[in-house]
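Please look over the sequence and the structure shown here before reading the briefing beneath them. The notes are grouped by topic and can be followed alongside the coordinates.

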Amino acid sequence: MKSIHTRMAGARLSVATLSLSAISLTAITGILEAAQAQNRPQAVNVYSGRHYNTDKDLYAEFTRRTGIQVNLLEGKDDELIQRLKSEGANGRADLLVLVDAARLYRAQEANLFRPIRSRELNRDVPASLRDPGDRWFALTRRARPVMVNTALVNPNLIRTYADLARPELRGKLCLRNRASVYSQSLVADELVRRGAPATRKWVEGVVANRKGSFYTSDTTMVRAVGQGQCGATIANQYYLARMLRGDNAADRDAAKKVRVVWPNPTHVNVTAGGVTRAARNPEGARRLLEFLASPTSGEGYAGANNEYPLKGWGNNPALSAFGTFKASPVSMELLGRRNREAVQLMTQAGWQ
Amino acid sequence: MAVLAVSLLALLPLVSLVQVALFSDGAGVAALGADGLSQVRGTLLLVVGEGLLGAVVGTAIGWLTATCSFTGRRWLRIAQLVPMAFPAYLLAASLIDWGSQRGLQIHGLAWAVGLLSLANYSYVFLLSTESFSVSGRRLLEASRSLGVGPWASFFRIALPIALPSIGAGVALSAMEVVNELGAVRLLGVPSLSAGILDRWQVDGDPQGAALLALVALTIVAVLIVGERLLRRRSRRWNLEGANGVEPLWPLAGWRAALAQLTCALPPLLTVAIPVLWIQQGWQGLQAEPLAELGRLAGRSLALALAATAVTAAGALLLAICRRWLNAPAVRQLSFVAGLGYAIPGSVLALGLLVFGGPLGLSPVLLLLWGYGDRFLAVAKQGLDAALERIPPSIDETASSLGCTWVEVLRRVHLPLLRGPLLVGCLLVFVDVVKELPITLALRPFDFDTLAVRVFQYASDERVGAAMGPALLIMLFGLAASLALIPSLERRG
């Protein structure tokens, strides 16, 4: 018994010491961090909704060229928006990078961005891919084409998204859930181009054509098409490219059976960034934004996730194999503006 | 005073939150709506399903490993801690990914109940096994000598005595379920936690979010009150030490095999999910640079240790004060202080940001505050249950012998509370290492932890990249459970 007691006492002691050292460690880190932030007025603080290790190489390249340090905090887009909102004037971010027009619009409505004038940004970012009020600018593009298993669905049936509601596709369509911002922006795109009545009919038709439950990830849908459980789906192009270029043999085989069909026009969305209203280093943030949007680094930013650069098609072999498409003329700003309406319509039409 | 201080610290973020909900210019208090109702229904079904399954599995294993003897019992006992070490969102992500490679769509309520039970039954196991091995030994022996069989003595003696602990375990695991976000989202089950977040962050409707949070709080309050009632009904003071040799029921033949299977299945299943994934897609594994992995692990470890110390101290203070000052106000305060566990981590984090942001508090401090608030109940629940087993006559005896309350605490309570305190610390440690929403929302720049990285990769649908840091989280969990072995072994 006694030995157990001493052992327990020893264990308690070591736990206590460990905890104490941990507390001091965290305290020191906190203090150091605060001190660092103060000593480096030059640093640019970035809140980013992207999580790619290669992004850090680009930031390091920026630091090498300009001497401006980049501090990074990656998170989920909506959470970052909320964080910045609640931080108010004490906001710690200079640059906010978000994925998807709907989120950009939300941040814009919350008055988180400040307008910036930049000849470089106006030159490098096409007008439909930036805010008309100059508050945010796209950095990469992604497309959401139809993907088809040709053994089950004749690709020639599908020329527009509207064709996905055709009765021939009954029970063959795999769909992403309503909670996904990708689905929402796609429906918003249709809303802008075709109006509410036509879009409602289309959503009802598409929902009627679906097979099984709504999916919570694009990868699983693309696999289901490759394996022949679904005839067709709508998914972002980079998921298929990732499977084709990845190391998993089974995934590569499944992906090879998937044919990309480009609806005319194809829904396009962006990753974009803007200088925050609370920025303490707006100048540095603008320079970082210009750097990321420039054609050379833009290619790297897009390449990390098999996305398209702002102009042209890039040099990613997997993407080249998919062919080219005609992008929807709907501006990112409008996609965001109609998001709420799109979600309501989806809810009413049974898109879960 | 101390109770007031700790409770106040626990309550401040909530108060600031309620303030926001009431005074912001949102869309007004919206009715729950069809979405809200399906979210309430989803969470209720999850809580009931997980509660039942987790209670049965946790109690069965707790009983078997505490009172029966069969080959491998000790190891199986320790193995029950493995499932806690795995974050539920990772289990869900890897299971869904594995299934989809085999053409299986893993989706919906049944899978969610199964996965969450697997991830959370250990709460019931830990608290019930503690009770089975400590309490009512003599009664059990007496009943056996009177010819009562194992089943009857389980149902008529051990179960009623262990009910408070089982109740506490079920309440804890149910609160985890109310709070669960990542896994249920991936499995497509509508839930309150997701509803609260979406209303707050996506719809910009803090009042609607507060309304849903209120529903979540109500569910948890009902859980806690129910557990209290159970405990009151079966309150029995019991102080049989680990003296003497406890006779265990020897199991042999098919009985032993069945016991082994029952105890081995849940941990095996938990380990099997990531192992199956790795076995199928190991080519897809992407290693994080080692230095980066080390930094992530260091931060996770430091945060978890610090948070454990803070939380355990707070919980001990509350539990002891509650016993000494038997005033209703103190009891209620300490009850309310534990409610932080019921509030979705992301909402709690927002409260802290709203409150701490303008004060310019260091993010690390806010982070520790958040952990302490969130996990106070985890540490406190077991302590309260254990304190109730100590007869008040002991305190009175000590006092009458001239001990001050500090001495009573040091010489009487602390030694008796060692087991539950250690269990509480372990639970908090593992919870903090896995914790996601608070860390995600409050961490400073360039301060990712293992859990944050796992979640980011998993939400980008890159399970291969998530595996490395996830395995480290599991290792931490296992290391923490090794610390528990002495307290389990003491009676084994």
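What follows is a short briefing on a predicted model, taking chain B as a whole, then a sheet in chain A, and then a single glycine in chain B.

**Chain B overall**
- The secondary structure of chain B consists of 21 helices and two strands, and 56% of its 492 residues count as buried.
- Among the contacts in chain B with a separation of 6 or more, 86% are accounted for by residues that lie 24 or more positions apart.

**The sheet in chain A**
- In chain A, four strands make up an open sheet with mixed pairing, and their order across it is β6-β7-β5-β8.
- The edges of this sheet are occupied by β6 (173–174) and β8 (258–261) of chain A, and because each has a single partner strand, one side of each is left without a neighbour in the sheet.
- Strand β5 of chain A, covering residues 146–149, pairs with strand β7 of chain A, covering residues 232–234, in the antiparallel sense and over three bridges.
- Within β7(A), the residue that stands opposite V146(A) is I234(A).

**G226(B) and its surroundings**
- G226(B) belongs to helix α10 of chain B, which spans residues 206–233.
- With 14 other C-beta atoms within 10 Å, G226(B) is classed as partly exposed, because that class lies between the cut-offs of 12 or fewer for exposed and 20 or more for buried.
- Although G226(B) and A168(B) are 58 residues apart in sequence, their C-alpha atoms are 9.7 Å apart in space.

Conventions:
Residues are numbered from 1 along each chain as its sequence is written. Chains are lettered from A and ligands numbered from 1 in the order in which they are written. This is a predicted model: local features need pLDDT of at least 70, side-chain atom pairs count only at pLDDT 80 or more; totals for chains, interfaces and linings use all residues. Two residues are in contact if their C-beta atoms, placed from the backbone, lie within 7 Å. Two strands pair if DSSP finds at least two bridges between them.
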